[in-house]
Amino acid sequence: MTTSIPSTMHGWRKHMGSPDPVWEEVAVPQTPPTGFLIKMLASGVCRSDHSILIDEKPRPWFEKQFTLGHEGCGTIVRVGAQVRSDSKFKVGDVVALDAVPGCGFDDCPECSRDVSQLCLRCQHSGIGQDGYHAPYAAVDQRAVVLVPEGVTPAEAAVATDAVKTGYHAITRRGEVKAHETVFLFGLGGLGFNALQTIHHIGARVIVSDVKEELLEEAVKLGIPRGDIVPVGKSPTEFIIENGLDGKIDTVLDFVGMHQTFHDAQVIVRRGGKIVCVGTLDHENVVDMKNGIRKRLSFIFSYGGQLDDLEEVLELISKKVIQPQVVGKPPSEFPATLQGLLDGQIKGRIALMYDQ
Ligand SMILES: [Zn+2]
Ligand SMILES: [Zn+2]
């Protein structure tokens, strides 16, 4: 296996100063001492890839040039010299890759406070440092989760962000329970997986999106038509007309536009929660009087953690969550990014690598 690993490869890279991805020849990464060299099977294309490409005010760990891609699945082809011999991972294992696994050290301000996804010390694959839109990637041993039976590489790749981020927001941040009534804004790349997660928890969910076809997908999933806000209908009016005023325990905003964030504050019940995941508008307005009088909780969520990834992979293997993902050759990356920006892509696209 070792002899078949080339010394160079082509990948999609960010160059600071350019908003366009660069298809570039780079060295195949070294195997990290405490990690693995991965031969990639699939890497999910995310709208965040575009945000990262146009971000010229990078965060502290950003490098001048790096390989994009933060949703990955691949096969372990080399094991680092310091990986413990009783590690449960070995050459040949197919693993899902967490882009920001945290350093795990007790003296880390973030990892020691259970927010490893905010760790500043660990590798940030595809988010300022080399990631997964290339045939090989180097990852720390903390970043990998075995892919269970029945989960395809493309599904495993998108599980690492498009499924996990919503799952973390719903279960750990919003703590949504079966007895709740939830309002979900947005059935895009993350929202549709979020809908399946809420459905699995057993909470009643009212769904809103601007696209008819996505609402039809929700119907196919078993969401009653009466719980779907028709396209063009104001959510605030829908809530009143359907006797739901004061009954929305949690609003999950996977859109994050002025309108959705405004509506969320109106429709949420007194004492309710608003969970913010989407950021289509970078700044939104909080109605202070409304927020205080209703004693609202505004909860922000970012990414997720390794246990979330293990749980969502398990749910995907049981077909409880079925991520919508289509495989494409790596050459389709620029067109896919454009499609995401134009709202032309339903679900997710994963780049697939030659085996
Ligand atoms: Zn992403
Ligand atoms: Zn850390």
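**Entry 1: glutamate 175**

I began with glutamate 175, which is partly exposed because its relative accessible area is 45%, in between the cut-offs of 20% and 50%. The model I am reading is predicted. I placed glutamate 175 in the loop between α2 and β9 (181–185). I then looked up its backbone: phi of glutamate 175 is near 45°, a positive value in a residue other than glycine. I noted this since most residues other than glycine have a negative phi.

**Entry 2: arginine 295**

I found a positive phi of about 45° at arginine 295 too, although it is not a glycine. Arginine 295 sits in the loop between α7 (288–293) and β13 (297–300). Its relative accessible area is 56%, so I put arginine 295 down as exposed, the cut-off being over 50%.

**Entry 3: arginine 293**

I went on to arginine 293, which belongs to helix α7. Arginine 293 has 62% relative accessibility and therefore counts as exposed. I also checked its separation from arginine 270: the two lie 23 residues apart in sequence, and their C-alpha atoms are 7.9 Å apart in space.

**Entry 4: the zinc ion**

Which residues coordinate the zinc ion (ligand 1)? I read off Cys46 through SG, His70 through NE2 and Asp161 through OD, at 1.8 to 2.2 Å. Along the chain, the donors of this zinc ion follow the spacing C-x23-H-x90-D. Histidine 70 and aspartate 161 link distant parts of the chain, being 91 residues apart. I located histidine 70 in the loop between β4 (65–67) and β5 (72–79), and aspartate 161 in helix α2 (residues 153–173).

Are these donors buried or exposed? Cysteine 46, at 5% relative accessibility, counts as buried. Histidine 70 is buried as well, with 6%. Aspartate 161 has a relative accessible area of 13%, which means that it is buried, the limit being under 20%.

**Entry 5: cysteines**

I searched the whole structure for disulfides and the result was zero. I also looked up cysteine 119, which counts as buried because its relative accessibility is 0%.

**Entry 6: the second largest pocket**

I turned to open space and recorded a volume of about 230 Å³ for the second largest pocket. There are 14 residues lining this pocket, and those closest to its centre are Thr34, Gly102, Cys103, Asp140 and Arg142. What is the make-up of the lining of the second largest pocket? I wrote down seven nonpolar, five polar and two charged residues.

**Entry 7: enclosed space**

How many cavities of 30 Å³ or more are there? The count comes to two. I followed up the largest cavity, which holds about 40 Å³ of space. Its lining is made of Val158, Gly188, Gly189, Phe192, Asn193, Pro323, Gln324, Gly347 and Arg348. I sorted the lining residues of the largest cavity into three nonpolar, five polar and one charged.

**Entry 8: the annotated domain**

Last, I consulted the UniProt record. The entry, which is unreviewed, carries the annotation "domain: Enoyl reductase (ER)" for residues 17–351. Over residues 17–351 I noted that the chain is 28% helix and 23% strand. The end C-alpha atoms of this stretch are 25 Å apart.

Terms used: Residues numbered from 1 in each chain as written. Chains lettered and ligands numbered in written order. Predicted model: local features only at pLDDT ≥ 70, side-chain atom pairs only at ≥ 80, totals over all residues. Heavy atoms only, no water. 1 Å grid on protein atoms, 1.4 Å probe; cavity = no way out; pocket = protein on both sides within 12 Å on 5 of 7 lines; lining within 4 Å. Points joined across faces, edges and corners; volume = space filled by probe spheres on them. Nonpolar A, V, L, I, M, F, W, Y, C, P; charged D, E, K, R; others polar. Disulfide = S-S within 2.5 Å. Buried < 20%, exposed > 50% of the residue type's maximum accessible area, 1.4 Å probe, protein only. Donors = N, O, S within 2.8 Å, 3.2 Å for Na, K, Ca; no water. Helix = DSSP H or I, 4+ residues; strand = E, 2+ residues; numbered from the N terminus. UniProt positions renumbered as here; feature names shortened; annotations may be inferred.
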